[in-house]
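User: I'm new to reading protein models and I'd like a close look at one part of this one. Could you walk me through it slowly?

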Amino acid sequence: MQLTDLDYTSLRKRIVGREITCAQLVADYLDNIREKKPLNAFISVFEKDARQRAEEIDRKISANNAGALAGLVLGIKDLIVLSGAPTTCGSKILSNFISPYDATVIKKLAQADAVFIGKTNMDEFAMGSSSETSFSGAVKNPTATDRVAGGSSGGSAAAVAGNLCTAALGSDTGGSIRQPASFCGVVGIKPTYGRVSRFGLIAYASSLDQIGPLCKSVDDAASILNVISGYDHLDSTSANQPTEDYTTYLNRDVKGLIIGLPKEYYGAGLDPEIRQNIENRAAQLGKAGAEIVEVSLPHTEYAIAAYYIIATAEASSNLARFDGARYGVRAEKVMDLEEMYVKSRTEGFGSEVKRRIMLGTYVLSSGYYDAYYRKAQKVRTLIRQDFNNVFAQVDCLLTPIAPTTAFRLGEKIDDPLTMYLSDIYTVSCNLAGLPGIALPSGADSHGLPIGLQLLGKPFSEGKLLQVADFLEKLN
Amino acid sequence: MYYEPVIGLEVHIQLNTDTKIFCSCSTLFGAVPNSQVCPVCLGMPGSLPVLNRKVMEYAVRLSLATGCKINNTSILARKNYFYPDLPKSYQISQFEEPFAEHGELVVKIEGQPSRRIGITRIHMEEDAGKSLHAESFVGKDESLVDVNRCGVPLLEVVSDPDFRTPQEAYEYLVHLRQIVVYLGICDGNMEEGSLRCDANVSLRPIGTTTLGTKTELKNMNSFRAVEKALEYEIHRQEMILENGGVIEQQTLLWDANRNVAESMRTKEYSHDYRYFPDPDLAPISMTAGDIEQVRANIPELPEAKRERFMRQFSLPEYDAQVLTESPKVAEYFEQTALRVKDKKAASNWIMGNLLRSLKERNEHLHQLKLTPAFLAELLTLIEQGTISGSSAKEVFEECLDSGKSPTLIVEEKGLLQISDLDAIEQIVSSIIEKNPRDVQDYLNGNEKVLGFFIGQIMRATQGKANPKLVNSILRKKLALLSK
Ligand SMILES: [Zn+2]
């Protein structure tokens, strides 16, 4: 067994017990990154900085004053900014962009003595469900390299699953943490909207985006969440809600918890193997003393439409600043201002991003606003109400994450609609601002990881971690 | 046919908060280009706006002062368009559900009945930066952008189309400026663009109520320019209509050098700004309690102050009007008046000598070495007959220059007026004795000789004798001689 196979909770014991050094750990990860370059999980690697930082932290450990995440070696999805480092968002237009400031999560993690090893690959501007739209090329699934890693945080999921780092930060707008976590067989959390500061997260859809960790265990997820969550005065949408110690929810049982299975999430289109897997897990929970009930979220069928209207509307405005005027790539040999805009954006954006900008521009246009954007907001309210009703009866929901396990590279990339529809089990969580966890749950007959999803009411991350931890330890 | 103009105004008021509307950068005017910036106002990827609470407070002040109804919730929205001085490629403004609505301002023009001008809405927004093209340091094929002004807070006040003459529009602007300066939310500085006004105007046959096609006027950098541009545009539209033409909806730019408004040469599509609620900012909620807290701290407004000055200091309306035009002058007057008996004298000195000197010296009231306390001291010296009126002017000028107290100046310059009865009587007697022929002249009925005597007496006292006393004593003594 290699050190790099271990989760942070196990590594921390060895680091604090002086069995291993952070420097050694970083060196091992760097070796793996080199060896597994074909996974294409990283866009940039901070080799020198990471080594140097690891040595600093080793000194702190010797002095017994290391932070809560000392020796955690993190990959950062390439849309979270780090001062002085490139942040490309997997795009051409930001391929030369260096951020002048740190994201709030970066500040918090650095203060807790985490080491940043590099920026992970992703769908361009987080727009995709397969990490194939990146300007840096597609990410490959470590389990089967002819398969996608999922998206948009595919690089983060592949890096963790491939032992290229201990954990990684991702962002989730419609499933972008949970689905790749599921495809790659790692744990991923999408926190409640507002739980983690978005300051320094390059926005895809501001009202849906949330940063969260991808990692090797539920323990790790709790430890990382402890550090990154909390109110931030720099983010008006961050929740002024006290934080809790999420590790206190670990190692509990599930007796008396009521767990709902939303029937709309188990309909046609769901891979029977995945259905069977989750039903088995539900039975295990039942045996352990949880009550399993079937519930209904009647507006689920409108979620995809509402999601793609709201997300693209916000994206069309969020991405307008990438115009070649101030930073990023500017088209050459332009005659006037308009040509500078048109050429820079035409050359700088990939086709999926353009498709979504056009869609979003259209739904906000005068004459169409009421029929699309305003109506989608109404649907969003109905979806939120669905969840409110259900959470009056149950503690959390157990659902699949995607209709299938990881599909083949290139299989869906030319069929955007099918790709969009595969987000059916993940987007409602974002529309309602809820927390969700992706937890590995064995493999299908091809040996591909199956993931299950737990959804809870706002700020119930603790309870979700409790159930996930219980399931994880059953294995 | 006779036409009636229908005019509406949109005024942008730049707020004098210390920091910008969505970040903590300074709003100071005139700094080195691009020195007052941060990731937020530069629109750096990943940065987020946080609303400055002071802007909310200022918006409440203006809404209350103009009788607007403040909405319980208002929405900050994105106005999307591309321009190099707009770093995010959208401006955060308000569209549906503005901050406040349905107010009014009463405009007074001398000799005419007061006019009530409706205020459609007041909303907050961020200013854009400045594009620089025709400056010496800008290359031939380039444009530069100064982002310092990006994110400076603005309140936009949109009027109903209630103006019927350019003069009404002018008076409204003057009044609105006075209010925002009084409220302490704007410095009112026109040269620095602290107030900017766009106008729209259409004509309709008198007696009809449907609105004609309107044109928009931009680029007026003074209130007089707004008045002139409106006059120009009304005349232009009148000519077209009288010749049977139709008004084309368009935006015109005022050229202050040539006194003409010219059509903006832009592409012929109307802009779709795709407004939608900014998902980075929660709706602004205003409770009755929040509003009352601001109301309690609103300074006295010009009209109330004018009426109070007339009442409290028994001033004529004209004086009260002049003194309350600016809150600083009003404050100066009040500080002076509270220290002296003769309030009207204080008013006269401030409206006359003081304001004139300020203009001549190109100084601001708050820089003045002659403080209200010193002016009051000077007025008291005059009141008590300690110095003469002509000496007072000299003391006034000296105090403006040196900042020494008037009493000290009087002593140093020996300007003390002789008010000692015995002393004056002695001097009068000696002058009468020395000039028997002139006395005879006077006794024969030549009143003019009186002036000669006074001149002699003043010369003998170097002008320091109290002229009133000199006059009465001289007459009394001469009268005694005639018996
Ligand atoms: Zn700033």
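User: Let's zoom in on chain B: which domains is chain B divided into, and where does each run? After that, please take me through the packing of helices α2 and α3 of chain B.

Analyst: Sure! One thing up front: this is a predicted model, so let's start with how confident the predictor is. Chain B has an average pLDDT of 89, and 98% of the residues score at least 70. Among the elements of chain B, strand β10 (residues 153-159) gets the highest mean pLDDT, 98, while helix α11 (residues 406-413) gets the lowest, 78.

Now for your domains. Chain B splits into domain 1 (3-290), domain 2 (300-413) and domain 3 (421-482). If you go from the C-alpha centre of domain 1 of chain B to that of domain 3 of chain B, you cover 70 Å.

On to the helix pair. A handy way to describe two packed helices is to give the angle between their axes and the distance between those axes. In chain B, α2 covers residues 166-182 and α3 covers residues 223-242. Their axes are 9 Å apart, and the packing angle is about 160°. Anything over 145 degrees counts as roughly antiparallel, and that's why α2(B) and α3(B) get that label. There's a handedness too: α2(B) passes α3(B) in a right-handed crossing.

So who's touching whom? From α2(B), the contact uses B:P166, B:Q167, B:A169, B:Y170, B:L173 and B:V174. Facing them from α3(B) are B:F223, B:V226, B:E227, B:L230 and B:E231. Sort the residues of this contact by type and you get 8 nonpolar, 1 polar and 2 charged.

Chain B also has a partner, so let's step back for a moment. The contact between the chains takes 24 residues from chain B and 32 residues from chain A. On the side of chain B that touches chain A, there are 15 nonpolar, 4 polar and 5 charged residues. For the complex, the predictor gives an ipTM of 0.95 and a pTM of 0.89.

While you're looking at chain A, here are two backbone details to find. Most residues other than glycine have a negative phi, and most peptide bonds are trans. Now look at A:N40, in the loop between α2 (22-35) and β1 (42-45) of chain A: its phi is positive, near 60°. Then find A:S152, in the loop between β3 (115-120) and α5 (154-161) of chain A. The peptide bond leading from A:G151 to A:S152 is cis, with omega near 10°.

Key. Residues are numbered from 1 along each chain as its sequence is written. Chains are lettered from A and ligands numbered from 1 in the order in which they are written. This is a predicted model: local features need pLDDT of at least 70, side-chain atom pairs count only at pLDDT 80 or more; totals for chains, interfaces and linings use all residues. Domain bounds come from an automatic or database domain assignment. Axes are lines fitted to C-alpha atoms, for helices over the stretch in contact, and angles run from 0 to 180 degrees between N-to-C directions. Helices (H or I, at least four residues) and strands (E, at least two) are DSSP runs, numbered from the N terminus. Angles under 35 degrees count as roughly parallel, over 145 as roughly antiparallel, 65 to 115 as roughly perpendicular and the rest as oblique. A crossing is left-handed if the near helix is turned anticlockwise from the far one by less than a right angle, and right-handed if clockwise. Two residues are in contact if their C-beta atoms, placed from the backbone, lie within 7 Å. Ala, Val, Leu, Ile, Met, Phe, Trp, Tyr, Cys and Pro count as nonpolar, Asp, Glu, Lys and Arg as charged, and the others, Gly among them, as polar. pLDDT is the predictor's confidence in each residue, from 0 to 100.
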